[in-house]
Amino acid sequence: MTEYTQDDLLPLSGIQHFLFCRRQWALIHIEQQWKENALTAEGRIMHKRVDDPFFTETRNGVITARSVPVASYRLGLSGVCDVVEFTPSPDGIKLPNRDELYLPAPVEYKRGKPKREPVDEAQLCAQAMCLEEMLSTGIPRGYLYYGQTRRREEVELTPQLRTLVKEISEEMHNYFRRGYTPKVKTHKGCRSCSLADICLPVLQEKVIAASRYIKQQIENGG
C-alpha cells in the first residue's frame, strides 16, 4: 500500500472537482487557476457560516465539532470537515475527558441539491476515511446537508464508494505528478463552471491538430 508524505498531500475537496471535470481540477490544482461565479460565491458564503474552528457543543448527548482538519497518508489527501458529530455508541472510540464511547460521522454542507453522480458522496467518504485512519475506527455513515432543499441526507459509506475514493485519489496523484491538464471534453456542466472563461471549452473543442489540418488541406486539394 502506498504511503504518502506530508508534502504529497492533495486537497481533499479536489475529489469533487475531479469527478465533475478532470480538466477543471487540473486548472485549479496544477495550473493554480481560479475564478468565482455566483454559484461558487454562494457556496463559499454558506461554508463561512458553518465553519467555526472554535465551536463545539453537546446536544442530546451528541458532540458537534466544526472545521475539523483531517488527513490520510494512505489516500494522500488532507482537508477540513465542515462538521464532525460524535454520537454515543458501544462501537465508538474514547474521547478525552469523556466516560462514554463515541462514533464519529462527518457532515458536509452543500449549497445546491443532491446530484445524479456521487460526487458529494465521494468527498464525504474521503473525509470519513481520513477520520478512520486518524482515529483508528470504522465509520459506517456520514451526512450531506443541502442548502437548496434544506434537508439532511444520510449516506452509507459502502465498499463501492470507498473503492471509488481510492481510485480517484490515485488518479489525481498520477495527474499531479505528471503535471497533466486534460484537453477539453465538453459536457452540460460547462455551462455552470466558473472556469469557463479560462477553459474556453467551445474554442478549444474547435481546435484541430496540425497533422489533421494538413491532411484535410491535401484531401481538399488546398
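Visitor: Why is glutamate 57 called partly exposed?

Guide: Its relative accessibility is 27%. Buried means under 20% relative accessible area, exposed means over 50%, and partly exposed is in between (1.4 Å probe, protein chains only), so glutamate 57 gets the middle label. Bear in mind that this is a predicted model, where local features need pLDDT of at least 70, side-chain atom pairs count only at pLDDT 80 or more, and totals for chains, interfaces and linings use all residues. Residues are numbered from 1 along each chain as its sequence is written, and side-chain values use heavy atoms, with hydrogens and water left out.

Visitor: What makes glutamate 57 and arginine 59 a salt bridge?

Guide: You need a side-chain nitrogen of Lys or Arg within 4 Å of a carboxyl oxygen of Asp or Glu. Here the N to O distance is 3.6 Å, so the pair qualifies. Arginine 59 itself is exposed, because its relative accessible area is 56%.

Visitor: How do you know that lysine 115 and aspartate 120 meet in a salt bridge?

Guide: Their side chains come to 2.7 Å, N to O, and that fits the cut-off, so it counts.

Visitor: Why is aspartate 120 called buried?

Guide: Its relative accessible area is 0%, so it falls under the buried limit. Lysine 115, with 39%, is partly exposed.

Visitor: What makes glutamate 154 exposed?

Guide: A relative accessible area of 53% does it. Glutamate 154 also forms a salt bridge with arginine 141, at 3.4 Å, N to O.

Visitor: How many salt bridges turn up in the whole structure?

Guide: The search finds 7.
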